[in-house]
There are 2 protein chains.
Amino acid sequence: MKIRIGIVGYGNVGKGVVKAVAANSDMELKAIFTRRDPASIKIDDSNVAVLSIDAAESMVGEIDVCLLCGGSATDLPEQGPYFASMFNTVDSFDTHAKIPEYMAKIDAVATKTTAIISTGWDPGLFSMMRCLFEANLPAGMNYTFWGKGFSQGHSDAVRRIEGVKYAAQYTIPIETAVESVRCGENPDLSAREKHLRECFVVAGADANIAEIEATIKSMPHYFADYDTTVNFITAEEFEANHTEMPHGGMVIRSGSTGENNQIMEFSLKLASNPEFTGSVIATYARAAYRMSREGIFGAKTVFDVPLSYLSQKVREQLIRELL
Amino acid sequence: MKIRIGIVGYGNVGKGVVKAVAANSDMELKAIFTRRDPASIKIDDSNVAVLSIDAAESMVGEIDVCLLCGGSATDLPEQGPYFASMFNTVDSFDTHAKIPEYMAKIDAVATKTTAIISTGWDPGLFSMMRCLFEANLPAGMNYTFWGKGFSQGHSDAVRRIEGVKYAAQYTIPIETAVESVRCGENPDLSAREKHLRECFVVAGADANIAEIEATIKSMPHYFADYDTTVNFITAEEFEANHTEMPHGGMVIRSGSTGENNQIMEFSLKLASNPEFTGSVIATYARAAYRMSREGIFGAKTVFDVPLSYLSQKVREQLIRELL
């Protein structure tokens with residue numbers, strides 16, 4: 001019997017999960033829950049129900065794990081506890097500062113379900129590496145670099161500026177900083193020394209270009225602490241070159257044992273950030289399903305899940321083929 | 001109370017574990033067990049007992065975890081089951097083909113102990129990455145490259161050739177192959193296309209140099225399937241440049257989601273292979289200790305251990321600082 005999957009939220013990540021479920025032969029998609037009019041979502045597979053989020057309760061017993069693909073700002077704080085009270089869930093809640101509060105709310109309702117929160121790649125895989133690396137090399141420093149990649153949050157911030165029609169922001173790790181870390185120099189790096197920010201902006205016909213550029217560069221939190229370049233381009237150029245969502249990054253630990261430098265590094269080079277995030281979320285559906293069957297209930301994180309729970313392979317095969 | 005550690009076998013890895021235990025503030029070294037005359041091992045710390053392996057039973061109740069640092073060929077097949085019958089253990093058994101058999105033997109005796117086998121970095125960390133990467137990207141291929149690094153097994157094989165006094169063998173990944181994998185080209189690579197082998201040999205005064213070189217290059221399993229270069233050097237040069245044990249390598253998954261290439265990579269750049277291996281083994285002592293206290297007994301692998309069990313940080317701190 002396959003693991004029956006529900007998807008909550010049909011944006012870029014939700015669409016990535018649809019592809020990921022199809023790629024995992026032990027999973028099948030049963031339903032998509034949406035805040036929109038269900039009739040507006042067309043799915044090729046007639047076995048997949050498209051339902052309003054309010055109808056979730058009607059699917060209890062029909063779905064093994066719901067994968068929550070909404071945003072962390074407003075969707076998940078509401079949908080997380082709602083779904084975890086009825087289903088096993090996996091999400092990619094990524095507002096770092098609010099994770100403890102979110103986790104406590106989920107944990108309170110997940111008394112008979114397993115809810116794995118904050119998967120994806122950061123938080124998620126990068127968190128796992130920070131934990132593993134630090135444990136393996138207690139003397140040392142962790143460095144996380146993001147990019148080169150498209151940042152949704154920063155692009156949205158630029159788009160909200162008056163006169164901006166379209167905007168794409170790329171976060172770019174500074175190569176000399178990365179190399180210094182990789183060489184074991186343990187540099188002390190400010191935000192500005194770690195990443196550059198590059199914006200591609202389509203401005204309205206009567207917009208004040210100079211003012212837009214100044215507004216971007218001085219925006220607190222988002223840009224003020226970074227060296228930022230702003231490129232004004234045409235709508236055609238934007239459409240041709242800036243609608244993909246590549247991303248990536250790396251976690252590097254520069255540590256030492258005795259007198260010896262030891263470098264551990266994990267990196268991602270992703271042609272599609274939402275599809276990869278969806279793929280990681282789907283992987284954790286398997287873990288949530290297995291843990292729930294073992295009675296391991298409550299809110300869990302990637303730190304709580306043994307890697308064997310992620311694999312489709314049984315133990316003997318895992319050991320023979322991958323150990 | 002600290003986790004009380006015993007070390008079994010005081011070679012390069014065992015010495016690495018001594019340093020690692022000192023670097024973990026929640027561990028303390030209680031004993032070193034050796035096959036040699038215990039009087040031949042001098043330890044600065046008077047709280048550390050140096051004992052014969054045969055005296056292990058006398059330390060039951062005094063030690064929480066024994067870290068087995070012997071070799072996989074002859075030491076561990078004997079010492080693994082012996083120690084796991086009395087203590088929680090961690091080892092780095094690395095004869096891939098014999099792991100299932102070894103694991104079954106350990107599992108049979110570890111009825112009241114936790115025995116984590118085949119840690120270190122390959123098997124160990126690399127195995128974890130192969131498992132994680134494959135689960136995250138079901139459509140794709142795993143590639144493992146080793147080096148550039150000193151290979152003990154291959155160096156020993158050269159040293160056993162008549163006329164050879166000292167030998168060091170380095171395994172070198174072929175950069176064009178690595179780049180092809182990183183670009184998502186999914187190449188089909190033979191052994192010869194993945195790694196070069198480079199030997200530095202000190203020959204005896206009356207040795208037949210040409211014959212040594214031919215013997216090395218044609219040695220089945222070790223060298224015949226690779227492009228190998230052999231450099232004859234002086235004993236002084238050997239002592240100056242070839243007594244360190246650097247190593248490293250990488251696991252790369254080249255996968256896809258839909259039409260999009262996704263690359264995951266884990267790499268190590270180690271100035272000291274035995275010290276890093278010792279450091280990883282020590283990390284798993286924490287996991288073995290915790291699992292045993294929870295009654296999770298038997299032979300375990302790195303696939304069975306949640307990452308939280310490796311960290312010195314409590315759950316709240318892990319989530320706050322690393323998630």
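Begin with both chains of this predicted model in view: chain B superposes on chain A by a rotation of 180 degrees with 0.0 Å of shift along its axis, at an RMSD of 0.1 Å. The two copies are therefore related as by a two-fold rotation axis.

**The interface**

Next, select the residues of each chain that contact the other. The selection should hold 63 residues from chain A and 63 residues from chain B. Of the interface residues of chain B, 100% are also interface residues in chain A, so the copies meet through the same surface. Between them, the two chains bury about 5,400 Å², and carbon and sulfur atoms account for 60% of that area.

Within this contact, highlight Phe303(B), Leu307(B) and Leu323(B). These residues supply 15% of the area that chain B buries against chain A, more than any other three residues.

Turn then to the charged pairs. Four salt bridges are found across the interface of chain B and chain A. One of them can be displayed by selecting Lys313(B) and Glu134(A); the closest N and O atoms of this pair are 3.1 Å apart.

**The cavity**

Which residues line the largest cavity? Select Met128, Met129, Leu132 and Leu307 in chain A, and then Met128, Met129, Leu132 and Leu307 in chain B. Leu307(B) thus appears a second time on this tour, as a lining residue as well as one of the three residues named above for buried area. By class, the lining comprises eight nonpolar residues, with no polar and no charged ones.

Colouring the helices shows α4 (125-136) of chain A and α4 (125-136) of chain B, each of which supplies at least two residues of this lining. The volume of the largest cavity is about 50 Å³, and the count of cavities of 30 Å³ or more comes to one.

**Backbone details**

The last stops concern the backbone. Most residues other than glycine have a negative phi, and most peptide bonds are trans.

- In chain A, select Asp122(A) and Pro123(A), which are joined by a cis peptide bond with omega of about 0 degrees. Pro123(A) is placed in the loop between β6 (114-116) and α4 of chain A.
- Move to Gly147(A) and Lys148(A), where a cis peptide bond again has omega of about 0 degrees. Lys148(A) is found in the loop between β7 (140-146) and β8 (149-150) of chain A.
- In chain B, finish at Asn186(B), which is not a glycine yet has a positive phi of about 45 degrees. Asn186(B) lies in the loop that runs between α6 (175-182) and α7 (191-194) of chain B.

How values were computed
Residues are numbered from 1 along each chain as its sequence is written. Chains are lettered from A and ligands numbered from 1 in the order in which they are written. This is a predicted model: local features need pLDDT of at least 70, side-chain atom pairs count only at pLDDT 80 or more; totals for chains, interfaces and linings use all residues. Side-chain values use heavy atoms; hydrogens and water are left out. On a 1 Å grid over the protein atoms alone, a cavity is a set of points where a 1.4 Å probe fits but cannot get out, and a pocket is an open set with protein on both sides within 12 Å along at least five of seven lines; lining residues have an atom within 4 Å of a point. Grid points are joined across faces, edges and corners, and a volume is the space filled by probe spheres set on the points. Helices (H or I, at least four residues) and strands (E, at least two) are DSSP runs, numbered from the N terminus. Ala, Val, Leu, Ile, Met, Phe, Trp, Tyr, Cys and Pro count as nonpolar, Asp, Glu, Lys and Arg as charged, and the others, Gly among them, as polar. Copies are superposed by least squares on the C-alpha atoms of residues with pLDDT of at least 70 in both. Contact means heavy atoms within 4.5 Å. Buried area is the accessible area (1.4 Å probe) that two parts lose on being put together, summed over both. A salt bridge is a side-chain nitrogen of Lys or Arg within 4 Å of a carboxyl oxygen of Asp or Glu.
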